[in-house]
Amino acid sequence: MTTTEAGGHLVDTDLSADLAAASLALARRFHDGATLWVISPQWEPHAHHVAVEFVHPVIMGKRALPSVALVEPDPVAQSRVASRPGDVLLAVASADEPAVVDAMRRAPAWGVETLWIGAGPRPPAGAANHILWVDSDDPMVPATGRFVLMYHLLWELTHVCFEHSGLLKPDTDECTQTGCVTCSDEGRLGEVVLEPADALGPALVRTATGEEWVDVSVLPDVRPNDLVLVHAGAAITRLDGTELRQAEQEREG
């Protein structure tokens, strides 16, 4: 397999670093029992190919890793039903694919880590946990094999991480305490499952830690699938895509 081409690199320094970080995160998720869900509304064969790469060990001694291509007409609804906290959602798509944009912004409420492979104009910062991108305006990139190269490398590097068990442990500065004072003070993304039964009643909201009843009395006309920011047991605002990205960037920075 080659990572260079005449006149330049197929995988440059920045993309190499992004691949390494994504592979380590993916290995840790698989180590903890995750399933990888793959969507590619524009290029369905890529979804099948990624899933096959991970679930079918082509090298002796490598483990089969749970991975499923989701190819129904509504990938957001299918991802919502299929995924569980701790899973990973991988998309192969352009930055303007509406279903992928929507799935990526909702995934944190499902407790799902996100990985986005694509080319052309990049998604905005914070649109996914990991972005593996080909900075090229060539519309034929998805058909040239560069996407295939990226997810082949992702598969190989994930298995490299498995060979070094110390890498699979969480970072020492990662908060693992239940009821952490710092974390509990943060707003958490939630997706409404059931609207309130009456004007002052709570709504059932799905967050990264599971479903919970949340006070939504300050928000008018809450509906299923609304994205809300939950703080101290109450939904304090409804989020659109722009607000969600800002919240993610503030949390990361």
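Start by selecting β6, residues 113–119, in this predicted model: seven of its seven residues are buried, so the strand is largely enclosed by the rest of the structure. If you show the side chains, you will find that E113, L115, I117 and A119 point one way from β6, while T114, W116 and G118 point the other way, and that all of them are buried.

Keep β6 in view and add the strands that pair with it. On one hand there is β5 (88–92), which runs parallel to β6 and is joined to it by five bridges; here A91 stands opposite W116. There is also β7 (130–134), which pairs with β6 in the parallel sense, again over five bridges, and in this pairing W116 stands opposite I131. Now select residues 98–110 as well, which form helix α4; together with β5 and β6, this helix makes a right-handed β-α-β unit.

From β5, move on to β3, residues 36–39, which is joined to β5 by four parallel bridges, with L36 standing opposite V88. β3 also runs parallel to β4 (67–69), to which three bridges join it, and the bridge partner of W37 in β4 is V68. The side chains of β3 alternate: L36 and V38 point one way, W37 and I39 the other way, and all are buried.

Next, select S40, which is found in the loop between β3 and α2. Is S40 buried or exposed? With a relative accessible area of 4%, S40 is buried, since the cut-off for buried is under 20%. Leaving aside its neighbours within four places in sequence, S40 is in contact with H46, A47 and V92. You can also draw a distance from S40 to A99, whose C-alpha atoms are separated by 9.3 Å although the two residues are 59 apart along the chain.

The loop leads to α2, residues 44–55, a helix of twelve residues that reaches 17 Å from its first C-alpha to its last, close to the 16 Å expected at 1.5 Å a residue. Colour its buried residues, which are H46, A47, V50, A51, E53 and F54. They cover an arc of only 155 degrees around the axis, which puts them on the same side of α2. To see what covers these buried residues, show the elements that include α1, β3, β4, β5, α5 (141–144) and α6.

Many of the elements visited so far can now be brought together by selecting the nonpolar core. The largest such core has 35 residues, and those with the most contacts inside it are L36, F54, L90, I117, L132, F147 and L154. The elements that give two or more residues to this core are α1 (13–31), β3, α2, β5, β6, β7 and α6 (146–162), and the largest share, nine residues, comes from α6. Within this core, centre the view on L154, which, apart from its neighbours within four places in sequence, is in contact with L19, A22, S23, L26, F54, L90, L115 and L132. A second, separate core of 25 residues includes A82, A91, I131 and L227.

Finally, zoom out to the whole protein chain, whose secondary structure comes to eight helices and twelve strands. Of its 253 residues, 45% count as buried. Among the contacts in the chain with a separation of 6 or more, 60% are between residues 24 or more positions apart.

Definitions and conventions
Residues are numbered from 1 along each chain as its sequence is written. This is a predicted model: local features need pLDDT of at least 70, side-chain atom pairs count only at pLDDT 80 or more; totals for chains, interfaces and linings use all residues. Side-chain values use heavy atoms; hydrogens and water are left out. A nonpolar core is a set of buried Ala, Val, Leu, Ile, Met, Phe, Trp, Tyr and Cys residues joined through side-chain atoms within 4.5 Å. Buried means under 20% relative accessible area, exposed over 50%, partly exposed in between (1.4 Å probe, protein chains only). Contact means heavy atoms within 4.5 Å. The expected span of a helix is 1.5 Å times one less than its number of residues. The arc is that of the directions from the helix axis to the C-beta atoms. Two strands pair if DSSP finds at least two bridges between them. A crossover is right-handed if, with the strands pointing away from the viewer, the path from the first strand over the helix to the second runs clockwise.
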